[in-house]
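Trainee: I should be grateful for a close look at one part of this protein, namely its internal cavities and the elements around them. Please begin there and then move outward to the neighbouring parts.

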Amino acid sequence: MVETRYVEIPSPVGPLDLTRPHFVGICGAGMSALALLLAGRGAQVSGSDVKTGETAGGLETAGCRVRSGHDAENIEGASVVVWSSVIDAANPEIVAARAAGVPVAHRSHVLAQLVAGADRSVVVTGTHGKSTATAMLAAAVGHLSPSWAAGAAPAGGVNGHAGSGLLIAEGDESDRSVALHRPEVAVVLNADDDHPETFAGTADVVGTLTDFATGARTLVASADDAGAREVTGRVRRHGGGTRVVTFGESTEADVRLLSAVPTAAGGSTVTVLDPRGVQVSWTVRSPGRSAVLASLAAYAAGRVLGEAPQVLAAGLSGFAGVARRMQLLGEVEGVRVVDSFAHHPSAIVADIAAARELTDGRVLVAFEPCGATRVRVLGARMGAALAAADEVVLLPVRDAVPTEVGAVNGQGIEHAALSAGVRVHAADGLVQAVGVLAGLARPGDVVVTMGVGEVAGLGAMFLQPSARPLTAV
């Protein structure tokens, strides 16, 4: 979850009774995954959210009781009330739980207890790509029917599942809570200067991920990312006996990428050199180098778990991708529409490069910035990153979580993008953005809807049949 504010997460007090959990903000990415996992294990799960929609429907299908809006009465009968870093302490359900003596726990406390109680466990973290790598690993070892929880759902699926005693979970670094987890296998994809509301730069992020990694039996880490390499170095110097397995394009990587050849379908055929000197290949169906490297992380973790190379390759090849992670939504009048969750400069650059793999035409990006603190600190870099596109439609800054920074506009992003040489078109909302895109797009182009918030619905709006023709060539 990226829309966070700085919060103090108290240490967990004793084991939690998870037989009747109530989730405040149950439709959030991390919360819904835990709710699905616990419901699948037989817990009587309830929750509330101000926005429900499709996520609530999936939760209710899984047996969860979901209420619209927050009310003190919603917690009746709960064995524990679970909150996340986007929930304010003044929330009426949190207040009511404390007044009634019902235990109140951060969602990281719930996940930490599940990790500690698992027969085997893998926690995947990093500032970019962890949802994809988590879901890929679950697919790669699907023959084991693992339990898993991720911050995004595989295409056409859900983001949590109760299965065997092997637990694969995404660890959230945004609020430092990942350091609470002590898995058998820790996966660190990267460490970037993200979440400025919490961290004072990359070194601060590296410190938190090091605290997490030193508690694992094995660390699986990128050999290419500078931040991940620093985590690896610190873990080795710590001398705690943690085994290290690396992956990447580096010639020093234990799982080494030999080639990633783009396919006609928009993915890649990946070939790696296994630690035992064997070449293994599989197909990644999502475009871009980020998806390729996520698959390497999943393969490396699967090998640490003792699974056979060809079994892992088959599982990865069958994986259809993750919702909102360079997900192809459809095509209209020769224009392909792809949805991207990118919101950090590094991810923006990577996903625009991935979009280039899909076309010989232009790449048009509709971007919705998120978070006042994030935009204030990273806005200029966002704008420079967006300049890799041919045209940019800039939506207003979305700030769903109030901060002390106050409201921030996107002028810094726009100025940086214009200075870097790309045309920027301001839109006051989704309807206007659809109109601007329709006026810009022509056959052969790729439209990328990018960001965290309401922009997730923009692609479907653009693909709707209407009287508006796309611009003729």
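Mentor: The structure is a predicted model, and by the rule applied to it there are four cavities of 30 Å³ or more. The largest cavity has a volume of about 140 Å³. Its lining consists of 15 residues, and those nearest its centre are G30, R107, A150, G151 and E170. Three elements, α1, α4 (107-117) and β9, each give two or more residues to that lining. Helix α1 gives the most, with four residues.

Two of these elements lead outward. Helix α1 spans residues 29-40 and also gives the most to the largest nonpolar core, with seven residues. That core has 46 residues, and F23, V45 and L219 are those with the most contacts inside it. The surroundings of F23 can be listed in full: leaving aside residues up to four places away in sequence, F23 touches M31, L34, A35, L38, V45, S46, G47, S48 and V82. A second core, separate from the one just described, has 43 residues and includes A135, V187, L189 and V255. As a general matter, nonpolar side chains in soluble globular proteins tend to be buried together.

The second lead is strand β9 (166-170), which is followed by a loop that runs to β10 (185-188) and holds D172. Is D172 buried or exposed? D172 counts as buried because its relative accessibility is 8%, and the cut-off for buried is under 20%. The side chain of D172 makes a polar contact, at 2.8 Å, with the side chain of S174. Beyond four places in sequence, D172 touches R107, S177 and V178. R107 is thus a link back to the cavity, as one of the residues nearest the centre of the largest cavity.

Helix α3, residues 92-100, can be read in terms of its two sides. Its buried residues are E93, I94, A96 and A97. Viewed down the axis of α3, these buried residues fall within an arc of 165°, and therefore they line one face of the helix. R98 and A99, on the other side of α3, are exposed. In general, an α-helix has 3.6 residues a turn, so residues three or four places apart point the same way. The buried residues of α3 pack against four strands, β1 (21-24), β2 (46-49), β4 (80-83) and β5 (104-106). Both ends of the helix offer a local detail. At its start, a side-chain oxygen of N91 comes to within 2.9 Å of the backbone nitrogen of E93. After α3 comes G101, with a positive phi near 75°.

Helix α5 (residues 130-140) is mostly covered, with 10 of its 11 residues buried. These are K130, S131, T132, A133, T134, A135, M136, L137, A138 and A140. One of them, A135, is included in the second core.

An open site remains to be described. The second largest pocket has a volume of about 230 Å³. It is lined by 15 residues, and R285, A320, M326, Q327 and L328 are the closest to its centre. Strand β16 (residues 325-332) supplies the largest share of this lining, four residues.

To return to the point of departure, α1 gives the most both to the lining of the largest cavity and to the largest nonpolar core.

Conventions. Residues are numbered from 1 along each chain as its sequence is written. This is a predicted model: local features need pLDDT of at least 70, side-chain atom pairs count only at pLDDT 80 or more; totals for chains, interfaces and linings use all residues. Side-chain values use heavy atoms; hydrogens and water are left out. Buried means under 20% relative accessible area, exposed over 50%, partly exposed in between (1.4 Å probe, protein chains only). A polar contact is a pair of N or O atoms within 3.5 Å; within protein, one must be able to donate a hydrogen and the other to accept it, and residues adjacent in sequence count only if both atoms are side-chain atoms. Contact means heavy atoms within 4.5 Å. The arc is that of the directions from the helix axis to the C-beta atoms. A nonpolar core is a set of buried Ala, Val, Leu, Ile, Met, Phe, Trp, Tyr and Cys residues joined through side-chain atoms within 4.5 Å. On a 1 Å grid over the protein atoms alone, a cavity is a set of points where a 1.4 Å probe fits but cannot get out, and a pocket is an open set with protein on both sides within 12 Å along at least five of seven lines; lining residues have an atom within 4 Å of a point. Grid points are joined across faces, edges and corners, and a volume is the space filled by probe spheres set on the points.
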